[in-house]
Amino acid sequence: MSDRNNATAALADVAAEPGVAKPDPLLVADNVQRSFGGLHAVDVDHLEIQRGAITALIGPNGAGKTTLFNVLTGFDRGGSGDWRFEGKKMSRLPAHRVAHRGMVRTFQLTKALSRLTVLENLQLGATEQRGEAMFASVVRPLWRRQERAIIERADALLARFRLDHLRDEFAGTLSGGQRKLLELARALMVQPRMLMLDEPMAGVNPALTQSLLEHITDLRDEGTTICFVEHDMDMVMGTSDWVVCLAEGQVIAEGPPQAIGSNPAVIDAYLGKQHGAPPAEELTS
């Protein structure tokens, strides 16, 4: 049985309803809220992300998807609530500590350091580097072996993502799609257990889209839990094992892709009854 079939089988008996419990959740969030003035950007009562599956987070613009990512990963510490990762409390931890515990996110707008080389960008992603300590940095024998191991891991990732020919180029010279691959590779330098990808296909040309999709599914097949924000419904329906839909900061629907594609609440959230929502099959086409 393939890994996608395993993930699908694990979720087969889970009810398609908001806040439903999962058989083996990696991330569990309760009463997560984030407001800006009088606007409730996120108001999630309960959400569980299944271990080893690809979960898509969808919703119309302004639904609170990226804000939820920011709160859960420590980039926005203004939220409230309780969320646990592998059973350990993560609420309001700073972003670097969240990443060290194995929950790593990427951004819709890539964050490559343009004046460093592609290799150097990956090296920065490695955690607990001895050479970063002030006193140890001047004693090279203390960190030289670790640095060699980091470079070997970086080179392996560059080869995997077909960026090895750009190893010594400045990251600022890369195309938008290549920067997406670089950011994904850098996230993997942390050796995460869960990857949170914010619109991974945004700005990527069709030639690299399929490559990114294959990398995402390969990571799931290797045991990495994936949660991604995406507007491309073809990608959502063809890649994800489970779909969560947000609207006005709240989870309004959950379920397997085929159930979400025909869910009236999802169709209304995207298109609105007042605009004459088309048949459900058009949402999934």
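Setting aside neighbours within four places in sequence, His215 makes contact with Arg160, Phe161, Leu181 and Leu184 in this predicted model. The residue sits in helix H7, which covers residues 206-221. Is His215 buried or exposed? Its relative accessible area is just 6%, under the 20% cut-off, so His215 counts as buried. One of its contacts, Leu184, turns up again in the lining of the largest cavity.

That cavity is a good place to go next. A search through the whole structure turns up 2 cavities of 30 Å³ or more, and the largest cavity has a volume of about 60 Å³. Its lining is made up of Thr106, Phe107, Lys180, Glu183, Leu184, Leu197, Pro200 and Leu212. Helix H6 is the top contributor here, giving 3 residues to the lining. By residue type, the lining of the largest cavity splits into 5 nonpolar, 1 polar and 2 charged.

Thr106, part of that lining, deserves a closer look. Thr106 is found in the loop between E6 and H4. With a relative accessible area of 6%, Thr106 falls under 20% and is therefore buried. Leaving out residues up to four places away in sequence, Thr106 touches Glu183, Ala187, Met196, Leu197 and Asp198. Among these partners, Glu183 and Leu197 also help line the largest cavity, while Met196 shows up in the lining of the second largest cavity.

What lines the second largest cavity? About 50 Å³ of space lies in it, and the residues around that space are Leu27, Leu47, Ile49, Leu57, Leu68, Phe69, Leu72, Met196, Cys227 and Val244. Two elements give two or more residues to this lining, namely strand E2 (39-50) and helix H2 (65-72). H2 supplies the largest share, with 3 residues. As for residue types, the count comes to 10 nonpolar, with no polar and no charged residues.

Then there is the largest pocket, which holds about 540 Å³ of space. A set of 22 residues lines this pocket, and Phe75, Ala99, Val104, Arg105 and Val190 are the ones that lie nearest its centre. The elements that give two or more residues to the lining are helix H3 (95-100), strand E6 (103-105), helix H4 (118-125) and helix H6 (176-188). H3 gives the most, with 5 residues. The lining of the largest pocket divides into 12 nonpolar, 6 polar and 4 charged residues.

Where does the largest pocket lie with respect to the domains? Residues from both domain 1 (3-110 + 175-181 + 190-273) and domain 2 (113-173) take part in the lining, so the pocket lies between the two. H6, one of the elements with two or more residues in this lining, is also the one that gives the most to the largest cavity.

A word on confidence rounds things off. The pLDDT averages 87 over the protein, and 88% of the residues score at least 70. Residues 273-285 are another matter, with a pLDDT below 50, although this stretch has 18 contacts in the model beyond near neighbours in sequence. Where pLDDT is low, the predicted coordinates should not be read in detail.

Note on methods. Residues numbered from 1 in each chain as written. Predicted model: local features only at pLDDT ≥ 70, side-chain atom pairs only at ≥ 80, totals over all residues. Heavy atoms only, no water. 1 Å grid on protein atoms, 1.4 Å probe; cavity = no way out; pocket = protein on both sides within 12 Å on 5 of 7 lines; lining within 4 Å. Points joined across faces, edges and corners; volume = space filled by probe spheres on them. Helix = DSSP H or I, 4+ residues; strand = E, 2+ residues; numbered from the N terminus. Nonpolar A, V, L, I, M, F, W, Y, C, P; charged D, E, K, R; others polar. Domains from an automatic or database assignment. Buried < 20%, exposed > 50% of the residue type's maximum accessible area, 1.4 Å probe, protein only. Contact = heavy atoms within 4.5 Å. pLDDT = per-residue confidence, 0-100.
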